[in-house]
Amino acid sequence: MNAPLLRVENLRKHFALTKGVLFTRTLGHIKAVDDVSFEIRAGETLGLVGESGCGKTTTSRMILNLEEPTEGRILLEGEPISGLQGEALAVYRAKVQAVFQDPWSSLNPRMKVGRTIAEALIVNRWGDRAKIAARVRELLLQVGLRPEQAEQYPHEFSGGQRQRVALAAALASRPRLIVLDEPVSALDVSIRAQMMNLLKDIQAEDGVAYLLVAHDLATVRHMADYTVVMYLGRIVEQAPTASLFAEVRHPYTKALFSAVLMAEPGRQADEIELRGEVPSPLDPPAACRFHTRCPYAMPQCAEVEPPLREVSRGHAVACHLFE
């Protein structure tokens, strides 16, 4: 089996909570990400799912080198990304791009979209003006837009078209990995399927890998080869997507599934009613972080942290029910 394109090893990100201006003191640490490990292979999609605040966005920001890990390592093509500067950092950013939920966050409203797409090419010295213009035309066609639309401004496009422009800009430097942070959740339902199919077509053409950060299980099921489920900064279940949807194991994942309408007629999701609210990452529950809300909680769940163990081929779960 080929070596992974991206490897995340025992990743942690703890944010200090402080008080005061002149004389600050640390009140505690928010454990946004706490010992997370996974791999992404070239040409594959890994889905990262969980409720808001589970740590999936912080994980993606560390992979984009926008946040420095507290502990752990991130390796791209076997090389650690920590401490990259200058030319090495520019090369990394060309290899790892992002498409966010709101395309306005990456599109300058005062800049024509052709110029926006060309920015990465100019920074990375892609070539002369004619070569860059040809690449911009190629990218617009690849994402389903017309080359002449390079002369338009973002406000002249629909939401779905703006997301296509953002994708074209991310593809400009021929990245190996694209972080997709809720890429279709802000789009109309009628446009979502088009965008997902476009992403899959581009992946088949270019061999690019995706890290899909999402809370929408339908999007993950359609796009991801492998799915990782997070809760309060930790992985509670991970498996090939087909295996996960065929047989959900962890009670938290079952709760996520029971909260949505399953697409298969006649299939009943396991109904799980969660107790209470999501605990604060400033003071997460000891041992299993889900035990305060789990209907199957046992005494040992509050005393011993369950390791992430494989229960079937490629399917791992962190739960004492599977000992």
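**Close-up views of a predicted model**

Helix 5 and helix 6 are roughly parallel to each other, because an angle under 35 degrees between two axes counts as roughly parallel. The model shown in these views is predicted.

**View 1. Helix 5 runs alongside helix 6.** The axes of helix 5 and helix 6 (residues 189–206) cross at roughly 15°. They come within 11 Å of each other. The crossing of helix 5 with helix 6 is right-handed. Which residues make the contact? Helix 5 supplies Gly160, Gln163, Arg164, Leu167 and Leu171. Helix 6 supplies Ile191, Gln194, Met195, Leu198, Leu199, Ile202 and Asp206. Sorted by class, this contact of helix 5 with helix 6 has seven nonpolar, three polar and two charged residues.

**View 2. Helix 5 also meets helix 3.** Here the axes of helix 3 (residues 113–123) and helix 5 (residues 159–171) come within 7 Å. They cross at roughly 25°. That angle makes helix 3 roughly parallel to helix 5. Helix 3 passes helix 5 in a right-handed crossing. On the helix 3 side, look for Val113, Thr116 and Ile117. On the helix 5 side, look for Val165, Ala168 and Ala169. The contact of helix 3 with helix 5 has five nonpolar residues, one polar residue and no charged residues.

**View 3. Four strands form an open sheet.** Read across the sheet, the strand order is 2-1-4-5. The pairing is antiparallel. Which strands stand at the edges? They are strand 2 (25–40) and strand 5 (79–80). Each has a single partner strand, so one side of each is left without a neighbour in the sheet. Strand 1 (residues 6–19) and strand 2 run antiparallel and are joined by 12 bridges. To find your place along this pair, start at alanine 16, which stands opposite histidine 29 in strand 2. Helix 1 lies across strand 1, strand 2 and strand 4. Helix 1 runs at about 110° to strand 1.

**View 4. Eight strands form another open sheet.** The order is 6-7-8-3-9-10-12-11, and the pairing is mixed. Strand 6 and strand 11 (309–312) are the edge strands, and each pairs on one side only. From one strand to the next, the twist averages 25°.

**View 5. Strand 3 pairs with strand 8 in the parallel sense.** How many bridges link strand 3 (residues 45–49) and strand 8 (residues 209–214)? The pair has five bridges. Threonine 45 stands opposite tyrosine 210 in strand 8. Helix 9 (residues 251–258) packs on the sheet and touches strand 9 and strand 10 (234–240). The direction of helix 9 makes about 105° with that of strand 9.

**View 6. Helix 1 lies across five strands of the eight-strand sheet.** These are strand 3, strand 6, strand 7 (177–181), strand 8 and strand 9 (226–231). Helix 1 runs at about 150° to strand 8. Compare View 3, where helix 1 lies across strand 1, strand 2 and strand 4.

**View 7. Helix 2 packs against a helix and two strands through its buried residues.** Which residues of helix 2 (residues 86–95) are buried? They are Leu89, Tyr92 and Ala94. Their packing partners are helix 1 (56–63), strand 4 (71–76) and strand 6 (96–99).

Methods
Residues numbered from 1 in each chain as written. Predicted model: local features only at pLDDT ≥ 70, side-chain atom pairs only at ≥ 80, totals over all residues. Heavy atoms only, no water. Axes fitted to C-alpha atoms, helices over the stretch in contact; angles between N-to-C directions. Parallel < 35°, antiparallel > 145°, perpendicular 65-115°, else oblique. Left-handed = near helix turned anticlockwise from the far one by under 90°. Contact = heavy atoms within 4.5 Å. Nonpolar A, V, L, I, M, F, W, Y, C, P; charged D, E, K, R; others polar. Buried < 20%, exposed > 50% of the residue type's maximum accessible area, 1.4 Å probe, protein only. Pairing = 2+ DSSP bridges.
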